Amino acid sequence: MTFKVGITGGIGSGKSTVAQVFSTLGVPVYYADDAAKHIMNVNPEVKQAIVGIFGEDVYEGGTLQRKVLSSKVFNDKNKLAQLNAIVHPATIRFGNEWLARQTYPYAIKEAALLFETGTAAQLNFIIGVYAPDALRIHRVMERDNVSRELVKQRMEKQIQEQIKMRLCDAVIVNNDQEMVIPQVLALHEQLLERAKAKDQTT
Ligand code: ATP
């Protein structure tokens with residue numbers, strides 16, 4: 001069975017960027033956020049549950065109207081929790097099924113909420129991606145063309161970065177000083193070794 005690795009970090013820390021570097025090395029990567037969006041568009045049970053709570057108008061021609069759904073959960077903790085209760089378990093289940101199909105020595109799940117959802121417990125090794133708050137805010141404002149306030153609001157909903165990083169087995173520093181690729185290459189070697197060692201003990 002493939003060695004299961006998680007990549008996590010706060011909004012704008014560079015999780016997807018780091019995961020893409022692993023992907024170019026040939027490592028299979030599951031992007032939880034993309035998977036969740038896909039599942040909300042194609043999975044009949046998930047779609048039915050979402051319509052049951054949020055109404056028919058969140059889909060148009062079978063396609064999720066993300067802005068309509070966002071407006072319904074925005075600033076409504078209860079509704080957001082209901083949505084997460086539908087989408088998170090399905091995303092985790094599909095992720096686990098995907099992991100079980102992988103044949104590469106190790107495979108990666110990239111997700112912002114590995115600890116918050118309890119997924120971390122099912123993984124063998126967790127990589128944290130760390131960037132200072134100011135840089136994360138700047139990068140997300142640029143990437144999503146959104147205001148500082150909106151990024152800060154999103155950040156406040158997540159576990160503090162320092163706490164999250166202490167829970168990880170390794171940390172990639174993605175600030176403007178450290179180079180990312182050498183850090184990924186070193187971890188890649190380490191993960192291949194660990195996967196081999198685990199394979200020999202099972
Ligand atoms: P989210 O949680 O919002 O999905 P994320 O942690 O996956 O974010 P990315 O999307 O990888 O973060 O990075 C945020 C933005 O910062 C992107 O536009 C990305 O291109 C840029 N970025 C990330 N790392 C670097 C870097 N080392 N140098 C320059 N730009 C970077």
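Reader: What makes the strands E2-E5-E1-E6-E7 one open sheet, and in what sense do they pair?

Author: The model is a predicted one, in which local features need pLDDT of at least 70, side-chain atom pairs count only at pLDDT 80 or more, and totals for chains, interfaces and linings use all residues. Residues are numbered from 1 along each chain as its sequence is written, and side-chain values use heavy atoms, with hydrogens and water left out. Strands (E, at least two residues) and helices (H or I, at least four) are DSSP runs numbered from the N terminus, and two strands pair if DSSP finds at least two bridges between them. E2 (residues 29–31) and E5 have 3 bridges, E1 (residues 3–8) and E5 have 5, E1 and E6 have 4, and E6 and E7 have 4. Each of these counts meets the requirement of at least two bridges, and the result is an open sheet of 5 strands with parallel pairing.

Reader: Why are E2 and E7 placed at the edges?

Author: E2 and E7 (170–173) each have a single partner strand, so one side of each is left without a neighbour in the sheet. Neighbouring strands are turned by 20° against each other on average, direction ignored, where the axes are lines fitted to C-alpha atoms (for helices over the stretch in contact) and angles run from 0 to 180 degrees between N-to-C directions.

Reader: Which residues stand opposite one another in these pairings?

Author: Glu-110 in E5 is the bridge partner of Ile-7 and also stands opposite Tyr-31. Ile-7 has a further bridge partner, Ile-127, in E6, while Val-129 is matched with Ile-172 in E7.

Reader: What makes E5 a mostly covered strand?

Author: Buried means under 20% relative accessible area, exposed means over 50%, and partly exposed lies in between (1.4 Å probe, protein chains only). In E5 (residues 106–110), 5 of the 5 residues are buried, with Tyr-106, Ile-108 and Glu-110 on one side and Ala-107 and Lys-109 on the other. E6 (residues 125–130) is also mostly covered, since 5 of its 6 residues are buried.

Reader: How do you know whether Gln-102 is buried or exposed?

Author: Gln-102 has a relative accessibility of 19%, and because this value is under 20%, the residue counts as buried. Gln-102 is found in the loop between helix H5 (77–101) and E5, and its side chain reaches the backbone oxygen of Trp-98 at 3.0 Å.

Reader: Are Arg-136 and Asn-145 buried or exposed, and what values decide this?

Author: Arg-136, which lies in helix H6, has a relative accessible area of 3% and is therefore buried. Asn-145 has 70%, which is over 50%, so Asn-145 is called exposed. Asn-145 belongs to the loop between H6 and helix H7 (148–156), and has a positive phi of about 55° although it is not a glycine.

Reader: Why are residues such as Gly-10 and Asn-174 counted as being around the ligand?

Author: A residue is near a molecule or strand if one of its heavy atoms lies within 4 Å of it, and the residues around the ligand include Gly-10, Lys-15, Ser-16, Glu-110, Arg-139, Arg-143 and Asn-174. The shell divides into 1 nonpolar, 7 polar and 4 charged residues, where Ala, Val, Leu, Ile, Met, Phe, Trp, Tyr, Cys and Pro count as nonpolar, Asp, Glu, Lys and Arg as charged, and the others, Gly among them, as polar.

Reader: What makes the approach of Thr-17 to the ligand a polar contact?

Author: A polar contact is a pair of N or O atoms within 3.5 Å; within protein, one must be able to donate a hydrogen and the other to accept it, and residues adjacent in sequence count only if both atoms are side-chain atoms. A side-chain N or O atom of Thr-17 is 2.5 Å from an oxygen atom of the ligand, and so this pair meets the limit of 3.5 Å. Backbone atoms take part too, with a polar one of Gly-12 at 3.1 Å from a ligand oxygen and an N or O of Gly-14 at 3.0 Å from one. The protein covers 69% of the 630 Å² of accessible area that the ligand has on its own, as found by the Shrake-Rupley method with a 1.4 Å probe (for residues, only the protein chains shown count as cover).

Reader: Which elements give two or more residues to the shell around the ligand?

Author: They are helix H1 (15–24) and helix H6 (133–144), and H1 contributes the largest share, 3 residues.
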